[in-house]
Amino acid sequence: MRAIGLMSGTSMDGIDVAMLTTDGETLVERGPFLSVPYEPAFRDKLKKGLADAQAITERSQRPASLAALERELTLRHAEAVKVFLEAHGLGPGDIDVIGFHGQTVMHRPDQALTVQIGDGALLARETGIDVVYDMRANDMIHGGQGAPLVPAYHAALAASLEAAAWPVCFVNIGGISNLTYIDAEGRILAFDSGPGNALIDQWVEVNAGVPFDQGGVIASEGSMLVPLAERYLDHPFFTADQRRSLDRNDFRPPALDEAGLHDGARTLAYVTAAAIQRSAGHLPHPPQTYIVGGGGRLNRTIMADLADIAARHGATVLKAEEAGFDGDAMEAEAWAYLAVRSLKRLPLTFPGTTGVSRPVSGGLLCRAP
Ligand SMILES: Nc1ncnc2c1ncn2[C@@H]1O[C@H](COP(=O)(O)OP(=O)(O)OP(=O)(O)O)[C@@H](O)[C@H]1O
Ligand SMILES: CC(=O)N[C@H]1[C@@H]2OC[C@@H](O2)[C@@H](O)[C@@H]1O[C@H](C)C(=O)O
């Protein structure tokens, strides 16, 4: 099948659109990719939406401005699909299904509550393409944490890795970071690994008025504040047996008087890298190859710290591109892949990825009218 995946991640930086041809199992042919950034005013609306979502106690509720935001977000996704199709000379009839993530506005795995706003029926009507959406809910119904879902796709990609030293660990450094461990026998374990870029983004926005630390340059001019780093790394998440997924709000940026711009950015970059290592401590063996996707791979300070830490176990850190993948497109590709798996009722999640009680499929299907 030919599928489009749509991801609006926790960084709230825009909509990623990717296309795959896949059987939802071992066949994966990657197609083109498009990123459509949100302008600052819409990011502000999303941030307000996250605050409004705190009032949700049942996942269908849309308090305050959330219903209007859901509609606008969905129409923006429809527009992104139209632009993508036009750019590649394609029409709705060329695409079998869209995998639509939506925007996570709250995620409380301990309460089995996760909400991704995004109206699948509206997207199907607007694009004329079948849509699979709400892919996290069924996992939670079966005792899973509702995240991460990308590991099934990482496993498919791993099948094409030839020269890698195993175990391999895919790391996605988005707003939050998550990792997927795959050993030479194909055994998979996955979980969120800690804060990704979200803390850094919030820190540099407040202190320097920029949305992110491009290239990790701000961090590279600062010094590590060890007590501050330790405070983050002492978070109970890193020692918890059960908790394997995170909400964006589980970690908060430092208070303004705790650090200057550069030292704060330096320390948070280290925290991002060290959190990956700390979480990797739950794995049966130290990974030998890290394959890093997500915007954080472009922060050279995070990557240098991660390389230093990995080298202690003789491991190598590669950007996704160095392993033959696309580190920007990977999550959107995963949503295309998962949509096809959903149509075929294949499992999206496994006990080793979300803690679900047994492998389960998921997602709701809205047929195009
Ligand atoms: N050139 C760059 N230099 C440094 N950091 C960058 C660069 N480009 C992007 N980033 C960081 O990556 C973030 C976006 O990453 P990405 O798109 O992978 O996250 P996401 O998909 O929204 O998050 P998640 O995976 O948690 O859902 C930005 O907010 C920024 O912090
Ligand atoms: C609830 C939610 O949206 N979680 C995201 C978030 O961003 C990264 C990490 O936390 C991961 O668990 C997940 O996204 C990826 C794409 C996933 O489900 O695999």
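Ser11 sits in the loop that joins β1 (2–8) to β2 (14–22), and the model in which it is placed here is a predicted one. According to the UniProt annotation "binding site", which comes from an unreviewed entry, the stretch covered is Gly9, Thr10, Ser11, Met12, Asp13, Gly14, Ile15 and Asp16. Of the residues in that record, Asp16 belongs to strand β2, and the table sets it beside Ser11.

| Residue | C-beta neighbours inside 10 Å | Class |
|---|---|---|
| Ser11 | 22 neighbours | buried |
| Asp16 | 23 neighbours | buried |

Because a residue is called buried when 20 or more other C-beta atoms lie within 10 Å of its own, Ser11, with 22 such neighbours, is placed in that class, and Asp16, with 23, is placed there as well.

The contacts of these residues can be listed once neighbours within four places in sequence are set aside. On that basis Ser11 is in contact with Gly174, Gly175, Asn197, Ala198, Asp201 and Gly295, while Asp16 is in contact with Met7, Ser35, Asp328, Ala329, Glu331 and Ala332.

Ser11 also appears at the ligand. Ligand 1 is surrounded by 24 residues, and the closest of these are Gly9, Ser11, Gly174, Asn197 and Gly295. Sorted by class, this shell around ligand 1 is made up of 15 polar, five nonpolar and four charged residues. Since residues of the shell come from both domain 1 (2–145 + 331–366) and domain 2 (166–314), ligand 1 lies between the two domains.

Methods. Residues numbered from 1 in each chain as written. Chains lettered and ligands numbered in written order. Predicted model: local features only at pLDDT ≥ 70, side-chain atom pairs only at ≥ 80, totals over all residues. UniProt positions renumbered as here; feature names shortened; annotations may be inferred. Helix = DSSP H or I, 4+ residues; strand = E, 2+ residues; numbered from the N terminus. Buried ≥ 20, exposed ≤ 12 C-beta atoms within 10 Å, placed from the backbone. Contact = placed C-beta atoms within 7 Å. Near = placed C-beta within 6 Å. Nonpolar A, V, L, I, M, F, W, Y, C, P; charged D, E, K, R; others polar. Domains from an automatic or database assignment.
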